[in-house]
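Here is a quick tour of one protein chain, from its annotated domain to a sheet and then to its empty spaces. Have the structure open as you read.

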Amino acid sequence: MPRSLLLSLALGLAPLLSTSACAADPAAEAAVKPAQWPFAATEAARFDEPWAMAFLPDRSLLVTEKAGKLVHFDPASGRRHEIAGVPKVAYGGQGGFGDVALHPHFARNGLVYYSYAEEGANDTRGAAVARAKLVLDAGGGGRLADAQVIWRQTPKVSGNGHYGHRLLFGPDGKLWISSSERQKFDPAQDMGGNLGKIIRLNDDGSVPADNPFAAQGSPADQVWSLGHRNILGLAFDARGRLWEDEMGPKGGDELNLIQRGGNYGYPLVSNGDHYDGRSIPDHDTRPEFVAPKVSWTPVISPSSLIIYNGALFPQWRGNAFIGGLSSQSLVRIAFDGDSAREAERFDMGKRIRAVVQGPDGALWLLEDGSNARLLKLTPRG
């Protein structure tokens with residue numbers, strides 16, 4: 001569909017559509033400015049190109065920096081220490097050190113999981129996921145010990161974009177990995193590789209026998225869903241349903257409710273178009289593909305996703321929050337059954353790389369880029 005027609009339809013239908021796969025136009029409702037925020041944003045620290053963060057049981061933080069650092073930061077004291085043992089990363093473009101997640105039984109086994117871009121042969125790269133034991137010393141420093149790579153993107157390809165490599169442990173104790181299509185389009189539909197897919201593994205990297213494509217052998221047996229572009233957010237809701245957000249091409253960012261074995265259509269369908277101007281058929285032209293619950297044109301460039309269940313903001317329990325890069329925003333999503341809608345957008349004035357919920361229910365944001373702030377959001381007043 002031509003871009004002009006798509007925008008005309010989106011604007012014309014906006015008053016009628018509040019849920020399901022619709023194009024949300026930021027011009028229709030201005031983002032909430034700082035003076036009207038229902039929260040106060042307090043700067044806790046600054047980092048260099050941070051990508052992700054995870055809270056430890058003692059309320060300190062692990063923060064990844066894209067060039068290849070893992071930082072242990074204590075918000076209470078302000079002390080920070082670099083953790084040794086981080087692997088060499090393929091740094092450049094969107095590549096580098098990525099996500100970090102704790103094993104569900106971290107308090108007992110000390111295992112952390114982390115993702116990163118690694119080099120291959122003949123100027124190729126791909127994402128990898130490893131796990132290691134986090135050994136902290138009395139001063140707050142430490143190291144990653146007994147590291148083991150448990151998963152890799154296959155095939156490795158050229159370029160520096162669309163790794164994805166978001167990590168999440170689900171209610172079932174399985175490890176979920178977003179594997180983006182590396183800007184190569186067709187691999188998202190090719191079950192001979194694991195690009196453009198959501199991956200489900202056991203905590204040791206082995207493949208669960210009940211995965212939907214287990215009978216097809218490796219690497220298809222890793223796959224839970226396919227037809228994805230650049231997945232940068234994964235979150236489970238209180239009902240145990242998996243949601244993801246992903247960047248569309250020129251338009252068509254998506255929030256999806258993930259189905260077992262579902263095909264989400266990229267690059268055969270998208271609510272956006274190719275950057276060179278070529279049209280991509282919309283989801284409604286191919287009902288065999290799963291359509292997004294929300295799509296955005298103009299885009300928000302989603303970077304991360306959580307579903308809030310804390311006590312500090314009781315009015316937002318069960319809502320999702322998405323960090324916006326190009327939109328420089330924090331986007332709140334409200335749900336109604338299987339439907340979703342953008343409920344509110346906060347103008348943060350900076351690209352938001354990551355959002356997590358803290359142990360006390362505060363929202364924590366990482367800005368993108370150099371000298372990026374770590375912000376703690378608490379109720380105003």
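## The domain

A bit of vocabulary to start: helices and strands here are DSSP runs, with at least four residues for a helix (H or I) and at least two for a strand (E), numbered from the N terminus. Keep in mind, too, that this is a predicted model.

UniProt, in an unreviewed entry, puts the feature "domain: Glucose/Sorbosone dehydrogenase" at residues 47-376. What does that stretch look like in terms of helix and strand? Over residues 47-376 the chain is 44% strand and just 1% helix. The C-alpha atoms at the two ends of the stretch sit 14 Å apart.

## A four-stranded sheet

Now for one of the sheets. Four strands line up in the order β18-β19-β20-β21, pairing antiparallel, and the sheet is open. Which strands stand at the edges? They are β18 (302-307) and β21 (339-347); each has a single partner strand, so one side of each has no neighbour in the sheet. Going from one strand to the next, the twist averages 25°.

Zoom in on one pair: β20 (residues 329-336) and β21 run antiparallel and are joined by eight bridges. If you want a spot to look at, try Leu 330, whose bridge partner in β21 is Phe 346. As background, strands of a sheet pair through backbone hydrogen bonds, either parallel or antiparallel.

## The largest pocket

The largest pocket holds about 1,100 Å³ of space. Its lining counts 36 residues, and those closest to the pocket centre are Leu 168, Phe 169, Ile 306, Val 356 and Gln 357. Elements giving two or more residues to this lining are β2 (50-55), β6 (97-102), β10 (164-169), β14 (230-236), β18 and β22 (352-357). So β18 turns up again: an edge strand of the sheet above, and part of the pocket wall here.

Which strand gives the most to the lining? That's β14, with five residues. Sorted by class, the pocket lining has 24 nonpolar residues, seven polar ones and five charged ones.

## One enclosed cavity

How many cavities of 30 Å³ or more does a search of the whole structure find? The count is one, and the volume of this largest cavity is about 40 Å³.

The cavity lining is made up of Gly 227, Arg 229, Glu 246, Gly 248, Glu 254, Tyr 264, Tyr 266, Val 269, Ser 270 and His 283. By class, that gives three nonpolar, four polar and three charged residues.

Definitions and conventions. Residues numbered from 1 in each chain as written. Predicted model: local features only at pLDDT ≥ 70, side-chain atom pairs only at ≥ 80, totals over all residues. Heavy atoms only, no water. Pairing = 2+ DSSP bridges. Axes fitted to C-alpha atoms, helices over the stretch in contact; angles between N-to-C directions. UniProt positions renumbered as here; feature names shortened; annotations may be inferred. 1 Å grid on protein atoms, 1.4 Å probe; cavity = no way out; pocket = protein on both sides within 12 Å on 5 of 7 lines; lining within 4 Å. Points joined across faces, edges and corners; volume = space filled by probe spheres on them. Nonpolar A, V, L, I, M, F, W, Y, C, P; charged D, E, K, R; others polar.
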